[in-house]
Amino acid sequence: MPTIKVAVIQLYPKPLDLEHNFKKASNFVRSAAAQGAELAVLPEYHLTNWLPKDPSFAGLCDQWETYLKKYQELAKECGICIVPGTIVEGHRGEEKEEDRLLNVAYFIGRDGEILGKYVKKNLWGPERDHLTSSMHAPHEVFDTPIGKVGMLICWDLAFPEAFRELIAAGAKIIIIPTFWTLNDCNAAGLARNPASEALFLDSMLTTRAFENTCAVVFANAGGPPGKGYAGLSQVTVPFVGPLARLGSAAEGMVVVDVDMQTLEDAEANYQIRSDISRSDWHYDYRHSRLDNPHSGDNEGTRDEQESRD
């Protein structure tokens, strides 16, 4: 099995400064390519930061095509695959919503072609007032130069069903651009553990790698000390856990070799993929209130979730 060299970039998105953030990201990508990386992954919201209530935010999102093309040109120039974090796309004039915003991750091949596109499905509570979810679309797996890839975004990490759907379709590598802060925990959680969200991230990333016999490429935003940025960007595989991990919120990059044989050896041991592919597999991951007689027990869940912040 091949060994794949992956660069995870932990970047601080300067608020609402597209060109500054793109130039910084480009420098990281060029450095990754110079070190032989085949894939470079950036964080969610890396061009704008997350300031949806700022009057200029929607207008900046209208420039999404310009920056997507810049990343395509950069990939071709450097001969490297790029997942440019997420780019928030403004689609004014959509029939259903006047100013529709989509949070999108692209997989760009080393020749500049777009090989995959994923619109964030599981929106974090505060995002739901601003973004449109891909709620009803299936999770897709993409053929890429580094193998079969699935993409998720940030809060998707909390849903094991998303991973199961991707690995059932053959994904071996799950790429997760993220903007996850320590402040995403409510007061009750912070009182018990100020580092609660860091614990969440480290625990879930390792768990998802083990329980799906896959590699997880996690690129989170970084930022200045004391601002709540969590960082902790990493590449995680079964048996080992993090192969490399940025242990603070500081900007930086790790370039790591991922031995794909590790995934095959883990599958031989745990047999997760073979179990879920059986004709008598007993779990249905497309839950429905209509199909679930106990769904009424949880009717308050969404309201409680949306009040977390």
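Me: Going by relative accessibility, what does aspartate 17 count as?
Reply: Heads-up first: this is a predicted model, where local features need pLDDT of at least 70, side-chain atom pairs need 80 or more, and totals for chains, interfaces and linings use all residues. Residues are numbered from 1 along each chain as its sequence is written, and side-chain values use heavy atoms, leaving out hydrogens and water. Buried means under 20% relative accessible area, exposed over 50%, and partly exposed in between (1.4 Å probe, protein chains only). Aspartate 17 comes in at 24%, so the label is partly exposed.

Me: What is the mean pLDDT of the chain?
Reply: pLDDT is the predictor's confidence in each residue, from 0 to 100. For this chain, 90% of residues reach 70 or more, and the mean is 91.

Me: Which residues have a pLDDT below 50?
Reply: That stretch still has 11 contacts (heavy atoms within 4.5 Å) in the model beyond near neighbours in sequence. The residues are 298-309.

Me: How many salt bridges does a search of the whole structure find?
Reply: Side chains of opposite charge can pair when their charged atoms come close. Here, a salt bridge is a side-chain nitrogen of Lys or Arg within 4 Å of a carboxyl oxygen of Asp or Glu. Lysine 14 and aspartate 17 form one at 3.5 Å, N to O. The search gives a total of 12.

Me: Which residue does lysine 70 meet in a salt bridge, and how many residues apart are the two?
Reply: The partner is glutamate 19, at 2.9 Å, N to O. Lysine 70 is in helix α3 (residues 64-78) and glutamate 19 in helix α1 (residues 18-34); helices are DSSP runs (H or I, at least four residues), numbered from the N terminus. The pair thus links distant parts of the chain, with glutamate 19 and lysine 70 separated by a count of 51.

Me: What is the N to O distance between arginine 208 and glutamate 211?
Reply: Both sit in helix α6 (residues 196-212), and being three residues apart, they are separated by about one helical turn. Arginine 208 is buried at 5% relative accessibility, whereas glutamate 211 is partly exposed at 23%. Their side chains meet in a salt bridge at 2.6 Å.

Me: Which residues are linked in a network of salt bridges?
Reply: We've met some pairs already, among them lysine 14 with aspartate 17. The residues linked in a network are Glu44, Lys120 and Glu127.
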